[in-house]
Amino acid sequence: MIVTSLQNKELNEIQELLEGGAIEMAEIRLDRCALEEEEIEELFSGSDVPLIATCRMAEESQAPQLLELAIRAGAKYVDLEMEAPAAVGRRIREACREYGTVLIRSYHNFENTPPLQVLQSLVDRARQFGGEVVKMVTTATSEADNETLRALYKNAAPGTLVAFCMGEKGSASRLEALKQGAPFTYACLSEEEATAPGQWTTKAMQEAVYGRYRFIEARNLPMPASKSFAQRAIIAAALAEGTSQLSAYSPCGDNESAIRAARSLGARVEVEGRLLTVTGIGAAEGSLTLGQIHTGESGFLTRLMIPLLSVLSTGPVRVTGEKTLLNRPLADAHDIMAAYGVRLYPETPAAAGSEGRKNDCYLPLEVAGPLIPGRADVSGKGGSQLLSGLLAALPLCRDKSVLYVHDPRSIPYLFITVDVLKKFGIRMGSEMEGGEDFLETQDWSLCTGVNFRIKGNQRYQAADFAIEADWSGAAPFLVAGAIFGDVEVTGLDTRSLQADISIMDILMEAGASMSQLDGPDGPIHVRRAPLSPFRTDLNNCPDLFPMVAVLAAFCPGESHILGVERLRHKETDRAAAIERMLRQMGVPVQTEQDEMTISGMGLTQRLATGRLLKGGEYPSYGDHRMVMALKVASLGADAPVVIDDVDCVAKSFPHFNEMFSVMTGIDRSSPIQ
């Protein structure tokens with residue numbers, strides 16, 4: 001990225017410049033800007049533009065206090081000279097650790113360029129003294145000096161070194177730094193405002209690096225209803241006594257399948273705009289006689305309905321589906337349902353193919369109950385969906401039950417089910433288990449078991465509430481903002497139980513600039529900032545994997561993503577699809593057991609070197625998540641990315657393509673030049 005150095009400015013001047021949109025990142029020279037303490041706090045706490053706070057020690061005796069004030073206020077970076085006293089260095093390092101500020105340790109030589117060995121020892125020392133980013137700036141007297149600075153990048157991890165030369169003979173090295181992998185370089189508003197000899201203007205540097213590339217900028221993008229909440233709520237309302245009103249609904253393929261299933265149960269469902277009115281059937285054990293039910297292409301709806309049908313129907317029920325669902329195995333469904341006395345009879349077991357496991361089955365199949373209450377210990381390795389069906393069905397049984405889930409996956413989705421059921425009057429107790437690490441952190445990925453205690457003979461009661469907006473659908477727009485520009489989405493709640501809210505943590509770990517105003521349900525704003533590689537476990541939120549893989553492709557260095565095995569039986573073998581997509585785009589990727597390692601490069605370096613992702617023709621595999629990932633990746637491609645089937649996004653987000661076009665606001669049908 002390009003950092004504009006600002007000096008000799010008052011607060012209102014700086015704020016106007018940052019709000020004008022021409023500056024993507026700024027260095028605030030606190031020793032040369034007449035800012036009061038209150039103004040420093042206002043500046044660094046109120047800006048979405050990534051800011052570097054710096055203050056030369058030789059010129060300002062209050063430097064440590066000013067830097068600490070900027071850190072506490074929210075500075076993204078703070079630049080501390082290597083010459084700072086050791087006590088000051090410790091003080092600033094501790095403040096950076098406490099507030100999450102990235103520490104830059106910098107060395108400046110305004111006379112010459114020391115030998116490479118000397119500079120390398122300075123880099124090592126800067127890292128030893130806490131520098132997450134090291135800045136090495138010398139003065140060039142010849143091209144050999146520029147070569148010396150370039151040589152430093154050979155031993156530096158991507159995105160951790162900024163090294164260039166000052167002076168007329170070093171001017172080109174400021175652009176070269178970006179090509180070598182520096183997270184940013186420095187420029188000035190005008191030649192008269194240069195903070196060092198040979199500094200480019202911001203406009204000139206932007207033209208040299210970005211050329212015709214246009215960053216995205218979008219505000220007020222409304223997110224659709226969460227199908228995770230909507231499907232659960234529709235079926236629960238169908239089972240309830242009385243009439244429920246579900247507001248903030250938005251249609252998609254899976255939600256429409258849930259409405260059809262609710263009507264098959266006998267419920268009356270009326271749709272008026274974003275309001276669903278559902279008159280339920282007052283469900284009880286053995287209260288229905290059903291011959292068949294169709295679940296569309298929804299894997300979750302299928303797994304939700306299997307236990308419910310086994311307790312509701314007086315006889316066997318045939319369950320059918322369509323499209324990609326017919327080739328997706330119901331992992332461990334036989335064993336899990338058999339634990340409560342239910343038998344499953346697939347009509348075509350041979351359809352499992354070579355990838356199927358002994359205890360997997362496929363649609364269409366017949367569900368033969370009754371569901372027998374009691375205690376069962378089942379594996380959660382296959383996911384949470386069938387277990388959510390059991391949580392919905394067991395309360396209708398005549399006696400109490402205990403469901404113990406060992407090796408749980410997608411734990412947040414289980415608690416979404418519990419939360420929705422609670423709204424409809426269903427009560428159950430739950431306890432999560434784990435080792436000391438889990439007890440200390442409450443990190444769901446460390447949970448080893450969940451115990452649900454479920455009272456029998458309960459009845460669903462009608463409820464009125466708003467359906468949450470969808471974090472899964474928001475992820476592509478949030479990632480796009482973090483890599484390619486500036487995006488604001490609305491309608492989300494940061495108190496949500498949805499597993500895919502984890503995209504917030506992943507983006508923050510990767511270094512994206514994020515903010516939210518007006519409380520936990522206010523607009524979320526994400527914009528470009530220098531990104532870093534990350535490590536994350538997506539076992540509890542596998543739907544994020546394609547989008548997080550695209551994010552990793554633009555994070556300089558190696559990112560590690562766990563949860564590969566959860567992808568094998570989605571709409572496609574999503575793990576293989578992601579690997580093929582990345583390799584075709586020119587992104588190095590390796591998979592070993594449950595972990596995918598992606599070697600990324602920052603967008604600025606890609607643009608500066610011409611190493612953009614490769615455009616061309618790409619398959620979607622009929623997978624809505626792959627389409628979304630390909631669309632976002634196309635924003636950093638050297639030619640159009642042509643997807644064979646973009647309409648399959650209707651499964652979860654029918655208006656995704658339209659909203660994506662609104663976000664980009666430009667025609668990307670021609671290659672980037």
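**Warm-up: counting salt bridges**

This model has 25 salt bridges, counting each case of a side-chain nitrogen of Lys or Arg within 4 Å of a carboxyl oxygen of Asp or Glu. The model is predicted, so local features need pLDDT of at least 70 and side-chain atom pairs pLDDT 80 or more, while totals for chains, interfaces and linings use all residues. Residues are numbered from 1 along each chain as its sequence is written, and side-chain values use heavy atoms, leaving out hydrogens and water.

**Exercise 1.** Work out how far apart Glu147 and Arg150 are along helix H6.

*Solution.* Start with the contact: the two side chains, Glu147 and Arg150, form a salt bridge at 2.3 Å, N to O. Next, place them: both belong to helix H6 (residues 143-151), 3 residues apart, which means about one helical turn between them. (Helices, H or I with at least four residues, and strands, E with at least two, are DSSP runs numbered from the N terminus.) Why does that spacing suit a pair? An α-helix has 3.6 residues a turn, so residues three or four places apart point the same way. Finally, Glu147 is partly exposed, at 42% relative accessibility; buried means under 20% relative accessible area, exposed over 50%, and partly exposed in between (1.4 Å probe, protein chains only).

**Exercise 2.** Asp493 pairs with Arg495; decide whether Asp493 is buried or exposed, then do likewise for Arg495.

*Solution.* The salt bridge itself spans 2.9 Å, N to O. Asp493 has a relative accessible area of 19%, so call it buried. Arg495 comes in at 57%, so that one is exposed.

**Exercise 3.** Trace what Arg574 holds on to, beginning with Asp543.

*Solution.* Asp543 and Arg574 meet in a salt bridge of 3.2 Å, N to O. This pair ties together distant parts of the chain, 31 residues apart: Asp543 sits in the loop between strand S26 (535-537) and helix H18 (545-553), and Arg574 in helix H19. Now extend it: through shared partners, Asp543, Arg574, Asp623 and Arg625 become one network of salt bridges. As for cover, Arg574 is buried, at 0% relative accessibility.

**Exercise 4.** Check the span of helix H19 and say how enclosed it is.

*Solution.* Length comes first. H19 (residues 574-585) has 12 residues, so at 1.5 Å times one less than that number it should span 16 Å, and its end C-alpha atoms are indeed 16 Å apart. Then look at burial: 9 of the 12 residues are buried, so the rest of the structure largely encloses H19. Among those buried are Arg574, Ile578, Glu579 and Met585.
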